[in-house]
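Dear colleague,

Please find below the structure that I am handing over to you. My account of what was found in it follows directly after.

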Amino acid sequence: MNDQSAAAEPAAAAAVAVPEAVASPALGEGERPAGRRAALAPIALVVAGGLSVQFGAAIAVLLMPRAGALGVVTLRLAAAALVLLVVCRPKLRGHSRADWGTVVAFGIAMGGMNTLFYQAVDRIPLGAAVTLEVLGPLVLSVVASRRLVNVVWAALALGGVVLLSGMGSPLFEGSRELGEGFDRLDPVGAAYALGAGAMWAAYIIFSARTGRRFPQADGLALAMVVAALLSLPLGIMDAGSKLLVPTTLGLGAAVAVLSSVLPYTLELIALRRLPAPTFAILMSLEPAIAAMAGFLILHQALSVTDALAIALVIGASMGAVRSQVRGVSKR
């Protein structure tokens, strides 16, 4: 899951909704292979960031028996906030009341998104949770574009969700929740994932606004502090002194680096050379990456039906981005 233009803007670009098409230099026919490799470098950074996020989430699932879902959220956000404060050193003076209102809203969206998502992956497989979560940005894209063709993409995504909701298919057989079918998926976990998607859409909106109001990564760092402070009471109530166990702290810091600090940094570097629409399309691959992480680390195996369902949602996300970009380019 996905914070980040000057630092907050990558999160906006990470959305499947892309408000503006960003032109990218085309490769000439006679361009040397070195130039092509340079063009592929930012794509590799985005993919690496996605791998980092989802494998960090898989490690977080392994950490949950030690600290609980809310405890893991607190460890991740608190560690990420500390790192960003040290690196960014945001200025506290010179900001208007509206600036602070925006960054607080951004922090609330960030904290809500993380809290709901980790509650979801504590109950349902990682690949399914991310697939349901990505519907939030997809809906935002459809609403923002106001183009009829995006209704088709929404219908395609709905088809994927119907498959995931269990038409008798043996989904994620290695999952501790399911055993023999996704139709037995915890409805509370699915609701948490959908709620995380709604908060992801809000996160996208306030990420872009924060990026316009705060220089560098200052807004992101301050919003992360807000999110960490909001999650702290919940984490303490859920895990208590378990949060202070050295091994738990170490794993929590690893989750923060993998799921927040490293991907944000990679994506920020990539966005300096990568068009926002291309970035958004790459981010649409998150469900597939999550499914792979779930399989490799959590032993959550995919059936053919599961893979088809995830592919439908990914295809809908990519189609929504491409149609929106074409609509902007015609204006």
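Helix α11 supplies the largest share of the nonpolar patch, with 3 residues. This surface patch covers about 410 Å² and is made by V47, L51, M292, F295 and L296. Two elements give two or more residues to the patch, namely α2 and α11, the latter spanning 286–298. One of the patch residues, M292, lies in helix α11. With a relative accessible area of 37%, M292 is partly exposed. Please bear in mind throughout that this is a predicted model.

As to the overall architecture, the secondary structure of the protein consists of 12 helices and 0 strands. Read from the N terminus, the elements therefore run α-α-α-α-α-α-α-α-α-α-α-α. The protein has 331 residues, and 53% of them are buried. Its accessible surface comes to about 14,300 Å², and carbon and sulfur atoms account for 67% of that area.

The interior deserves attention next. The largest nonpolar core has 62 residues, and those with the most contacts inside it are M110, F117, Y118, V121, L126, Y203 and M224. Helix α2, which covers residues 33–88, gives the most to this core, with 17 residues.

Helix α2 also holds S52. This serine counts as buried because its relative accessibility is 7%, under the 20% cut-off. Apart from its neighbours within four places in sequence, S52 is in contact with V257, L258, S259, L262 and P263.

A second serine, S260, lies in helix α9, which comprises residues 246–271. S260 is buried, with a relative accessible area of 1%. Once neighbours within four places in sequence are left aside, its contacts are R76, A80 and V255.

The loop between α8 (218–239) and α9 contains L243. Is L243 buried or exposed? At a relative accessibility of 8%, L243 counts as buried. When neighbours within four places in sequence are set aside, L243 is in contact with A67, G71, L75, G235, I236 and L249. One of these contacts, G71, stands 172 residues from L243 along the chain, while the C-alpha atoms of the two are separated by 6.8 Å.

Another loop, the one between α2 and α3, contains R89. R89 has a positive phi of about 50°, although it is not a glycine. This arginine is exposed, because its relative accessible area of 69% is over the 50% cut-off.

Helix α3 comprises residues 97–121, 25 in number, and reaches 36 Å from its first C-alpha to its last, close to the 36 Å expected at 1.5 Å a residue. How many of the residues of α3 are buried? The count is 18 of the 25, so the helix is largely enclosed by the rest of the structure.

Not every residue of this helix is hidden, however, as V104 shows. V104 lies in helix α3, and at 34% relative accessibility it counts as partly exposed. Its C-alpha atom is separated by 9.4 Å from that of V225, although the two residues are 121 apart along the chain.

Helix α3 also takes part in the salt bridge of this model. The count of salt bridges comes to 1. The pair links distant parts of the chain: R213 belongs to helix α7 (residues 187–213) and D99 to helix α3, with their positions 114 residues apart. The closest N and O atoms of R213 and D99 are 2.6 Å apart. Which of the two partners is buried, and which is partly exposed? D99 is buried, with a relative accessible area of 10%, whereas R213 counts as partly exposed at 39% relative accessibility.

To summarise, the points that I would ask you to look at in the structure are these:

- the nonpolar surface patch made by V47, L51, M292, F295 and L296;
- the nonpolar core of 62 residues, to which helix α2 gives the most;
- the salt bridge between R213 and D99;
- R89, with its positive phi, in the loop between α2 and α3.

With kind regards

Note on methods: Residues are numbered from 1 along each chain as its sequence is written. This is a predicted model: local features need pLDDT of at least 70, side-chain atom pairs count only at pLDDT 80 or more; totals for chains, interfaces and linings use all residues. Side-chain values use heavy atoms; hydrogens and water are left out. A nonpolar core is a set of buried Ala, Val, Leu, Ile, Met, Phe, Trp, Tyr and Cys residues joined through side-chain atoms within 4.5 Å. Buried means under 20% relative accessible area, exposed over 50%, partly exposed in between (1.4 Å probe, protein chains only). Helices (H or I, at least four residues) and strands (E, at least two) are DSSP runs, numbered from the N terminus. Contact means heavy atoms within 4.5 Å. Patches are made of residues with over 30% relative accessible area and no salt bridge: like charges are joined within 9 Å, nonpolar side chains (Val, Leu, Ile, Met, Phe, Trp, Tyr) within 5 Å. Accessible areas come from the Shrake-Rupley method with a 1.4 Å probe; for residues, only the protein chains shown count as cover. A salt bridge is a side-chain nitrogen of Lys or Arg within 4 Å of a carboxyl oxygen of Asp or Glu. The expected span of a helix is 1.5 Å times one less than its number of residues.
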